[in-house]
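Hello,

Here is the structure I promised to pass on. Please have a look at it, and below you will find my notes on what turned up.

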Amino acid sequence: MTRTIYVSSLAEMPRWVRAHRPSHLVSVVQDALQPERPQEIVEARHLRLGVDDISAPIPDLVLPGARDVERLIEFLEGWQPADGSLLVHCYAGISRSTACALIAHVMHTRDPEASTAALALASPHARPNRRIIALADAVLGFDGALSLARETMPEGLPAVEAPLTVFSL
């Protein structure tokens with residue numbers, strides 16, 4: 001069964017949940033911007049990661065940490081083929097969400113180069129958050145290969161908010 005990963009902005013997330021009916025939802029935005037869970041999503045299938053889009057410490061902002069990435073990976077391990085699609089969103093659908101989507105993809109392919117190539121093809125705006133990727137690289141045991149593959153991606157077209165990204169396993 002093909003599993004589809006959707007990536008969207010916070011503003012467009014409710015629209016895409018209604019349109020695509022994903023089985024799982026990841027909201028990766030700072031706590032103050034966390035949306036209400038859409039009624040279409042079962043509570044246990046909605047992961048909230050309250051982090052800012054930064055890759056190095058900045059005062060008063062929340063740096064993504066190892067525990068955040070561990071929680072993401074644990075959640076994604078529960079995403080089964082028969083469940084349906086996955087929708088991941090951050091504020092703009094460009095950095096944190098594409099990092100999480102890339103992690104979901106590579107967990108199934110086990111091929112960092114193929115997964116980053118698929119993401120780059122699916123979204124010319126994708127700029128996966130380097131810290132989230134580096135933390136996942138370590139947790140998933142890729143020994144730097146995921147971070148290296150991320151660095152080979154084009155830097156992404158400038159955008160304030162990316163259109164819906166769709167890519168499949």
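Glutamate 151 counts as partly exposed, because its relative accessibility is 43% and the partly exposed class runs from 20% to 50%. Please keep in mind that this is a predicted model. The side chain of glutamate 151 meets that of arginine 130 in a salt bridge, 2.8 Å from N to O. This pair links distant parts of the chain, with glutamate 151 in helix α6 (residues 145-151) and arginine 130 in helix α5, 21 residues apart. Arginine 130 is partly exposed too, at a relative accessible area of 37%.

Next comes arginine 150, which forms a salt bridge with glutamate 155 (3.9 Å, N to O). Arginine 150 is buried, with a relative accessible area of 2%, whereas glutamate 155 is partly exposed at 41%. Through shared partners, salt bridges join Arg130, Arg150, Glu151 and Glu155 into one network.

In total, the structure holds eight salt bridges. Another one pairs aspartate 83 with arginine 45, their closest N and O atoms lying 3.4 Å apart. Aspartate 83 sits in the loop between α2 (66-77) and β4 (86-90), and arginine 45 in the loop between β2 (24-28) and β3 (46-49), 38 residues away along the chain.

Helix α5 (residues 130-140) also packs against helix α3 (residues 96-109), at an angle of about 20 degrees and with the axes 9 Å apart. The two helices are therefore roughly parallel. Their contact involves residues including Leu102 and Val106 of α3 and Ile133 and Ala136 of α5. By class, that contact has nine nonpolar, no polar and one charged residues.

Best wishes

Methods:
Residues numbered from 1 in each chain as written. Predicted model: local features only at pLDDT ≥ 70, side-chain atom pairs only at ≥ 80, totals over all residues. Heavy atoms only, no water. Axes fitted to C-alpha atoms, helices over the stretch in contact; angles between N-to-C directions. Helix = DSSP H or I, 4+ residues; strand = E, 2+ residues; numbered from the N terminus. Parallel < 35°, antiparallel > 145°, perpendicular 65-115°, else oblique. Contact = heavy atoms within 4.5 Å. Nonpolar A, V, L, I, M, F, W, Y, C, P; charged D, E, K, R; others polar. Salt bridge = Lys/Arg side-chain N within 4 Å of Asp/Glu carboxyl O. Buried < 20%, exposed > 50% of the residue type's maximum accessible area, 1.4 Å probe, protein only.
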